[in-house]
Amino acid sequence: MSTTVISETEFQSLRDVIRSRFGIFYDDTKLFLLQSRLQTRLLKCRAATFTEYYRFLTSSPERETEWGELASVLTNNETYFFRERSQLDVLVSDVVDEALKTNGGRLRIWSSASSTGEEPYTIAMMLREGRRLQPSGITIRATDLSPRALDRAATAFYRELSFRATPPEMVQKYFRPFQGGFFLNDDVKQMVDFSRINLLDERAVAAMGIHDAIFCRNVLIYFDKPTQKHVVEAFAKALRPGGFLFLGHAESIMRITDLYEPVVTPKAIYYRRRAD
């Protein structure tokens, strides 16, 4: 397949419309990355140039379908089970403690960028292992922008790379082998409710309800500062006072908003929604 070259003007137009729609920001150093990621979409849309593709995205009757496909192309679905385990340990200790003390043993968790499902399914497994809460009192919502990632999560079939941080006994207990991979057991799978959401959509975020903990790990790094502020302040409305926000280790909102209080421990850093 020949490569279609993107001009500076085309790059800026596409970058801006993608940022407006998804919040994902490509700075000037990412021109060739965006060009590379969009090559297959030009072919699928029969666009000879990036200008034609921009017109397709903004005016074609089929543009909404294409935006869904584009979401799967642009998002990074790199994840695996038991990733950043120290934060998950905080969940099954401190967050569960509060659920038992103040919420009658009910726990509401939102994995807001769940990708192919490894994060919310890990949460479900760890809560089952803890045996401190009844599964009937646990609500785990999982959302993502990418339709393809959500399809894979719903199938719950995983290959070796997804298990690179998984204790072998957990694989044996919660998965069944099948043709070079593993299917997740139904009792864990049924604990997670998946749906598609754009985190820039305030109305959709509000419709998710109120949670005790939100996970949004390794997502903010793809947003510029105004978009980061928009997203984490929308999360604050979706968290109970004192609720927990877990971000990636490389992410910080210290200078973005004052709606959260950082909590720094020897093992993990996370944020709590201020009570006021």
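**Exercise 1. Describe how helix α2 and helix α4 are placed relative to each other in this predicted model.**

Solution. Start with the axes: those of α2 (residues 31-44) and α4 (residues 63-74) come within 10 Å and cross at roughly 135°. Next, classify the angle. Angles over 145 degrees count as roughly antiparallel, and 65 to 115 as roughly perpendicular. The angle falls in neither range, and α2 and α4 are therefore oblique to each other. Last, the handedness: the crossing in which α2 passes α4 is right-handed.

**Exercise 2. State which residues make the contact of α2 with α4, and sort them by class.**

Solution. On the α2 side, the contact is made by Leu34, Arg37, Leu38 and Arg41. On the α4 side, Glu66, Glu69, Leu70, Val73 and Leu74 take part. Sorting by class gives 5 nonpolar and 4 charged residues, with no polar residue in the contact. The nonpolar residues are Leu34 and Leu38 of α2 with Leu70, Val73 and Leu74 of α4. The charged residues are Arg37 and Arg41 of α2 with Glu66 and Glu69 of α4.

**Exercise 3. Give the volume of the largest pocket and describe its lining.**

Solution. The largest pocket holds about 680 Å³ of space. Its lining consists of 34 residues, of which Thr75, Asn76, Asn218, Val219 and Tyr222 are the closest to the centre of the pocket. By class, the lining has 16 nonpolar, 9 polar and 9 charged residues.

**Exercise 4. Do the same for the second largest pocket.**

Solution. The volume of the second largest pocket is about 170 Å³. Its class counts are 3 nonpolar, 4 polar and 5 charged residues. To assign them, go through the lining by class. The nonpolar residues are Phe157, Tyr158 and Leu161. The polar residues are Asn77, Thr79, Thr116 and Ser162. The charged residues are Glu78, Glu118, Arg152, Arg159 and Arg164.

**Exercise 5. How many cavities of 30 Å³ or more are there, and which residues line the largest cavity?**

Solution. The count is 1 cavity of 30 Å³ or more. The volume of the largest cavity is about 30 Å³. Its lining is made up of Val92, Val96, Leu127, Gly130, Arg131, Arg132 and Leu133. Now assign the lining to helices: α5 (85-102) and α6 (118-130) each supply at least two of these residues. From α5 come Val92 and Val96, and from α6 come Leu127 and Gly130. By class, the lining of the largest cavity has 4 nonpolar, 1 polar and 2 charged residues. Gly130 is the polar residue, and Arg131 and Arg132 are the charged residues.

Conventions
Residues are numbered from 1 along each chain as its sequence is written. This is a predicted model: local features need pLDDT of at least 70, side-chain atom pairs count only at pLDDT 80 or more; totals for chains, interfaces and linings use all residues. Side-chain values use heavy atoms; hydrogens and water are left out. Axes are lines fitted to C-alpha atoms, for helices over the stretch in contact, and angles run from 0 to 180 degrees between N-to-C directions. Helices (H or I, at least four residues) and strands (E, at least two) are DSSP runs, numbered from the N terminus. Angles under 35 degrees count as roughly parallel, over 145 as roughly antiparallel, 65 to 115 as roughly perpendicular and the rest as oblique. A crossing is left-handed if the near helix is turned anticlockwise from the far one by less than a right angle, and right-handed if clockwise. Contact means heavy atoms within 4.5 Å. On a 1 Å grid over the protein atoms alone, a cavity is a set of points where a 1.4 Å probe fits but cannot get out, and a pocket is an open set with protein on both sides within 12 Å along at least five of seven lines; lining residues have an atom within 4 Å of a point. Grid points are joined across faces, edges and corners, and a volume is the space filled by probe spheres set on the points.
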